[in-house]
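User: I am new to this structure and would like to learn how to read its features one at a time. Please show me the model before we start.

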Amino acid sequence: VNEFITSRFEKLFFRILMHQNISAELLTKYILEVKEQAEQFQRLCPLKPPVVIVFIDEANTTSQMGIVKSIFTDHRIHGQYLPDNIFFVAAINPSLINEQSKDKDPQQFNFTGVGDTGYSKAFEVRPNPTSLDECILEFEDLDTKEERCFLKSLIQMKYVGGASGISKESRKILTRLILIGQQCIRDARIFRTHVSIRDIFRVVNLYEYFLKRE
């Protein structure tokens, strides 16, 4: 019992970053690695094995949506059942028409002469299989007020006190600059370019990188 209490489980969390060129073989390899880890936990703790969390990011950017559907709705891959102690969660972008492209001729970007409306989507994603619709929870974008509150809390948490603490005025300037940058991206309305929480984290991490090298 003592050994079990003091033991440390490895690889309880996996992240798979999808992209357009990921192959069925590579995606299968990732999932089978998770399967092997979950089965190992079942052998070590048969009564209550630890749950392995798998986060699939940008899940609907891949052409392997059949495998994604099978993982989430059937809990299997290529006919193989996956262990019960694997929990899958994914992040996807909606398949929406970009407002900037509604008035454009779909032929102007297609040099084959074949009609194609794929370019007009706000995000470069694949349609979700219908069976996945019941698994989707929609989250709205942060509005400017929510974004400001989130950013202030993030900077407060990272830079108040401790070795990396910065002055109140510096925190205000950093917050303001990031918010200005976010709004500039919104106003520019660049095709398939969107503001995100991920970008906020990137800027804060970059600031911290240079802060430590002053």
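User: In which strand is the place of Val 89?

Analyst: Some ground rules come before the case. This is a predicted model, in which local features need pLDDT of at least 70, side-chain atom pairs count only at pLDDT 80 or more, and totals for chains, interfaces and linings use all residues. Residues are numbered from 1 along each chain as its sequence is written, and side-chain values use heavy atoms, with hydrogens and water left out. Helices (H or I, at least four residues) and strands (E, at least two) are DSSP runs, numbered from the N terminus. Val 89 is found in strand 5, residues 86-90.

User: Is Val 89 buried or exposed, or in between?

Analyst: Buried means under 20% relative accessible area, exposed means over 50%, and partly exposed is in between, with a 1.4 Å probe and protein chains only. Val 89 has a relative accessible area of 34% and is partly exposed.

User: Which residues make a nonpolar surface patch with Val 89?

Analyst: Patches are made of residues with over 30% relative accessible area and no salt bridge; nonpolar side chains (Val, Leu, Ile, Met, Phe, Trp, Tyr) are joined within 5 Å, and like charges within 9 Å. The areas come from the Shrake-Rupley method with a 1.4 Å probe, and for residues only the protein chains shown count as cover. Here Val 51 and Phe 87 join Val 89 in a nonpolar patch of about 250 Å².

User: Which residues of strand 1 are on its covered face?

Analyst: Strand 1 covers residues 13-17, with Phe 14 and Ile 16 on the covered face. The uncovered face has Phe 13, Arg 15 and Leu 17.

User: How many bridges join strand 1 to strand 2?

Analyst: Two strands pair if DSSP finds at least two bridges between them. Strand 1 and strand 2 (residues 52-57) run parallel and are joined by five bridges. Leu 17 is opposite Asp 57 of strand 2. Between the two strands the chain passes through helix 2 (residues 24-44), in a β-α-β crossover that is right-handed. A crossover gets that label if, with the strands pointing away from the viewer, the path from the first strand over the helix to the second runs clockwise.

User: How many salt bridges does a search of the whole structure find?

Analyst: A salt bridge is a side-chain nitrogen of Lys or Arg within 4 Å of a carboxyl oxygen of Asp or Glu. The search finds eight. One of them joins Glu 33 and Lys 29, with N to O at 2.9 Å. Both residues lie in helix 2, four residues apart, about one turn of the helix. Glu 33 is partly exposed at 36% relative accessibility, and Lys 29 is partly exposed at 44%.

User: Which residue meets Glu 58 in a salt bridge?

Analyst: Arg 198 does, at 3.4 Å from N to O. Glu 58 is in the loop between strand 2 and helix 3 (65-74), while Arg 198 is in helix 6 (residues 197-211), so the pair ties together parts that are 140 residues apart in sequence. Glu 58 is buried, at 19%, whereas Arg 198 is partly exposed, at 37%. A network of salt bridges links these two with Arg 15 and Asp 57.

User: What salt bridge does Arg 202 form?

Analyst: Arg 202 pairs with Asp 199, their closest N and O atoms being 3.2 Å apart. The two are three residues apart in helix 6, about one helical turn. Asp 199 is partly exposed, at 25% relative accessibility.

User: How many disulfides are found in the whole structure?

Analyst: A disulfide is a pair of cysteine sulfur atoms within 2.5 Å. The search finds zero. Cys 45 is buried, with a relative accessible area of 8%, while Cys 149 is partly exposed, at 44%.

User: How many residues apart in sequence are Arg 126 and Asn 60?

Analyst: Distance along the chain and distance in space are separate readings. Arg 126 and Asn 60 are 66 residues apart in sequence, with 5.4 Å between their C-alpha atoms. Arg 126 lies in the loop between strand 5 and helix 4 (144-159).
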